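Please look through the sequence and the structure shown below, and keep both at hand while reading the report that follows.

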Amino acid sequence: MLKTQGYAAPVAKAPLAVHSFKRREPRENDVVVEIQYCGICHSDIHQVRDEWGEGIFPMVPGHEITGIVTTTGSKVTKYKVGDKVGVGVFVDSCRACKQCKNGLEQYCTEGFVGTYNGREYDGTPTIGGYSDKIVVDENYVFRIPNNLPLQGAAPLLCAGITTYSPLLHWHAASGMNIAIIGLGGLGHMGVKFAHALGAEVTVLSHSLNKQADGNRLGADQFYATSDRATFKKLRGTFDLMINTVSADIDWNQYLKLLKVDGTMVVVGLPEKQVSISASTLVDGRRSIAGSMIGSLQETQQMLDFCGEHNIVCDVEMVNIQDVNAAYERVLKSDVKYRFVIDMASLKS
Ligand code: NAP
Ligand code: ZN
Ligand code: ZN
């Protein structure tokens, strides 16, 4: 077994603290990745606080991982020692169901194996990326383009793919009017991708505080949702809206901003259920849809797209000792635009 050092929440809602544990010896298809950086996703906070229920504790969160391959199993063909790689939200799937066979592993019928707060198919709990190394089957590892810095690339593994996938699925392109709701970790990547794909991009944020950043990231328009006039002015404007908000908001107000046949894709995962008015959908043949991360192939495609267009996340580096304070700032929407843990700080 491999001795591993990380940070864990010992029980639900508790602050994270130093935690030592063991990972499996690499199997023939596994690579061992020395973790250099790990992004802080809002999903880490939801799960540490057990907002989605059934959390497995102690919990080492982290599913926006970048690092370097240090060991390869005997049958590994895709990677060699020294390669720059990433690990995202899941580390295995059943590989046999219709979804897995069709390259939609994120919707695996058996349920994918989450990078943390999940269980391997033999029942072993999985342990995430706020740690110094991880052992993963090479088929669930991604290649990071050489020109991308590993700090800025780390959040691509969740925030990046979660916004890239619906933009592609709903055919984001020039001539489309797209709104990104919430300018946080996911939202800022949504703006960058929608802009790179040629769409007209509008940010709908709590306030105008982030307006200059929004424009720099590629937004053409920026509106505050705290201003009631925004909802009047933008009625019937958008072909597509990507809703990244982590908190409970009234989706009905936002649905009215869609054109006829427009779609609001929900990617944010607030704690409570939301009620939708049927008449808002009916009046305008509007759709509401959901989307979860992206597939293996799509994630590699997104990373390669980022390599070609020189796209990375805007990150604020933190030492792991400051992770609890960073969580508080994420909850206040005070992050520009993703915290990334420098894993070298584990040794200090
Ligand atoms: P984040 O960085 O905290 O961003 C969320 C943004 O939502 C904030 O920056 C803020 O934007 C807005 N917001 C927060 N509280 C609000 C409120 N009370 N009213 C209105 N707007 C509010 O979080 P994230 O990491 O991007 O994650 C966003 C959500 O997506 C989380 O629920 C996370 O669990 C979920 N998620 C889903 C997937 C998936 O596969 N579907 C993957 C990853 C994450 P403004 O300041 O601009 O208003
Ligand atoms: Zn995430
Ligand atoms: Zn499957």
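Along the sequence of this predicted model, the donor residues of the zinc ion (ligand 3) follow the spacing C-x2-C-x2-C-x7-C. These donors are Cys94, Cys97, Cys100 and Cys108, each of which offers its SG atom to the zinc ion (ligand 3) at 2.3 to 2.4 Å. The angles among the 4 donor atoms run from 104 to 119°, and the site is tetrahedral, because four donors count as tetrahedral if all angles lie between 85 and 135 degrees. Two of these cysteines can be set against each other in their exposure: Cys100 has a relative accessibility of 9% and counts as buried, whereas Cys94, with a relative accessible area of 23%, is partly exposed.

The other site to consider is that of the zinc ion (ligand 2), whose protein donors are Cys41 through SG, His63 through NE2 and Cys158 through SG, at 2.0 to 2.3 Å from the ion. In sequence, the donor residues of this zinc ion (ligand 2) are spaced C-x21-H-x94-C. Cys41 sits in the loop between β3 (30-39) and α1 (42-48), while His63 sits in the loop between α1 and β4 (65-72), so the pair ties together parts that are 22 residues apart in sequence. Both Cys41 and His63 are buried.

The aromatic rings come next, and the count of aromatic pairs is 6. Two of the pairs are set out in the table.

| Aromatic pair | Arrangement | Centre to centre | Angle between planes |
|---|---|---|---|
| Phe90 and Phe112 | stacked | 4.9 Å | 20° |
| Phe231 and Tyr254 | edge-to-face | 5.1 Å | 90° |

The pair of Phe90 and Phe112 links distant parts of the chain, since Phe90 belongs to strand β6 (residues 90-92) and Phe112 to the loop between α2 (98-101) and β7 (113-114), 22 residues apart. Phe90 is buried, with a relative accessible area of 5%, but Phe112, at 24% relative accessibility, counts as partly exposed. Together with Tyr140, Phe90 and Phe112 form one aromatic cluster.

The pair of Phe231 and Tyr254 likewise links distant parts of the chain, with Phe231 in helix α7 (residues 228-233) and Tyr254 in helix α8 (residues 251-255), 23 residues apart. Why do Phe231 and Tyr254 count as buried? Phe231 has a relative accessibility of 11% and Tyr254 has one of 6%, and buried means under 20% relative accessible area.

Terms used. Residues are numbered from 1 along each chain as its sequence is written. Chains are lettered from A and ligands numbered from 1 in the order in which they are written. This is a predicted model: local features need pLDDT of at least 70, side-chain atom pairs count only at pLDDT 80 or more; totals for chains, interfaces and linings use all residues. Side-chain values use heavy atoms; hydrogens and water are left out. Donors are N, O and S atoms within 2.8 Å of the metal (3.2 Å for Na, K and Ca); water is not among the atoms, so sites may look incomplete. Helices (H or I, at least four residues) and strands (E, at least two) are DSSP runs, numbered from the N terminus. Buried means under 20% relative accessible area, exposed over 50%, partly exposed in between (1.4 Å probe, protein chains only). Four donors count as tetrahedral if all angles lie between 85 and 135 degrees; four count as square planar and six as octahedral if opposite donors are over 155 degrees apart and all others between 65 and 115; anything else is irregular. Rings of Phe, Tyr and Trp (its six-membered ring) pair if their centres lie within 6.5 Å; planes under 30 degrees apart count as stacked, over 60 as edge-to-face and the rest as tilted.
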